[in-house]
Amino acid sequence: MNNIISKYAEKVKNPKALIIIGILGIALIFLSNVGAKDTKNANTAKTAPEISTLEYREMLEKDIKEIVKEITGSKKATVVVTLESGMKYKYADWAEGSSADKTEEGTSSSSSELKQGYTTIKTESGGEEALLVTTQMPEVRGVAIVCLGGDNELIAQKIENAVTAALNITSQRVHIAGGN
């Protein structure tokens, strides 16, 4: 065992061996940092994707259209979804308050101060932005559907039940009409 250690010790004394070991060490450190950055970017990509109100509405219309096509058996259906408002965002915020009472010869006064702000985080570009806590999707105001068989009571009832269940809305918010 001592012979093996002494052989490696002799090779380490060689300047070429030291240079090679140094380069390998630097390369390993570099590769470990590159792997860590890729993992960080992969985790960032897995966060909830940002979606606009228009994209959300179009996604709902597409999904409802697929439900209607399955129920009616027809490839033609028109679906329009209206939304109450846009996206609602909730940011992490804080508030500090202080109050003071002062009494002087027959008079008293009080004052209070309230400081409010948002918790911010540093971005990759070096700037700051408010810390987003939740995103609330817009509420569906109503759905209009025109499809083949929409004037048939049984088909209209099946479509209405499917849409109200899928969107968690009342039947008064759904209108179904027959079309070509």
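Start with helices H3 and H4 in this predicted model. Select residues 53-72 for helix H3 and residues 153-167 for helix H4. Their axes come within 10 Å of each other and cross at roughly 145°. Looking at the pair, the crossing of H3 past H4 is right-handed.

Next, show side chains at the contact. From H3, select Leu60, Ile64, Ile67, Val68, Ile71 and Thr72. From H4, select Ile155, Lys158, Ile159, Ala162, Val163, Ala166 and Leu167. What is the make-up of the contact of H3 with H4, by nonpolar, polar and charged residues? The residues divide into 11 nonpolar, 1 polar and 1 charged.

Now turn to the charged pairs. How many salt bridges does a search of the whole structure find? The search finds 6, and the next stops include some of them.

Move from H4 into the loop that leads to strand E9 (174-178) and select Arg173. Add Glu84, whose side chain meets that of Arg173 in a salt bridge, 3.8 Å from N to O. Glu84 is in the loop between strand E1 (77-83) and strand E2 (88-91), so displaying both loops shows how the pair links distant parts of the chain, 89 residues apart. Colour the two by accessibility: Arg173 is partly exposed, with a relative accessible area of 28%, and Glu84 is also partly exposed, at 36%.

Keep Arg173 selected and add Glu139. These side chains form a salt bridge as well, with an N to O distance of 3.9 Å. Glu139 is in the loop between strand E7 (132-136) and strand E8 (140-147), and this pair too links distant parts of the chain, 34 residues apart.

To see the wider arrangement, add Arg141 to the selection. Glu84, Glu139, Arg141 and Arg173 are joined into one network by salt bridges that share partners.

For the last stop, select Lys115 and Glu113. Their side chains meet in a salt bridge at 4.0 Å, N to O. Are the two residues buried or partly exposed? Lys115 is partly exposed, with a relative accessible area of 43%, and Glu113 is partly exposed at 44%.

Methods: Residues are numbered from 1 along each chain as its sequence is written. This is a predicted model: local features need pLDDT of at least 70, side-chain atom pairs count only at pLDDT 80 or more; totals for chains, interfaces and linings use all residues. Side-chain values use heavy atoms; hydrogens and water are left out. Helices (H or I, at least four residues) and strands (E, at least two) are DSSP runs, numbered from the N terminus. Buried means under 20% relative accessible area, exposed over 50%, partly exposed in between (1.4 Å probe, protein chains only). Axes are lines fitted to C-alpha atoms, for helices over the stretch in contact, and angles run from 0 to 180 degrees between N-to-C directions. A crossing is left-handed if the near helix is turned anticlockwise from the far one by less than a right angle, and right-handed if clockwise. Contact means heavy atoms within 4.5 Å. Ala, Val, Leu, Ile, Met, Phe, Trp, Tyr, Cys and Pro count as nonpolar, Asp, Glu, Lys and Arg as charged, and the others, Gly among them, as polar.
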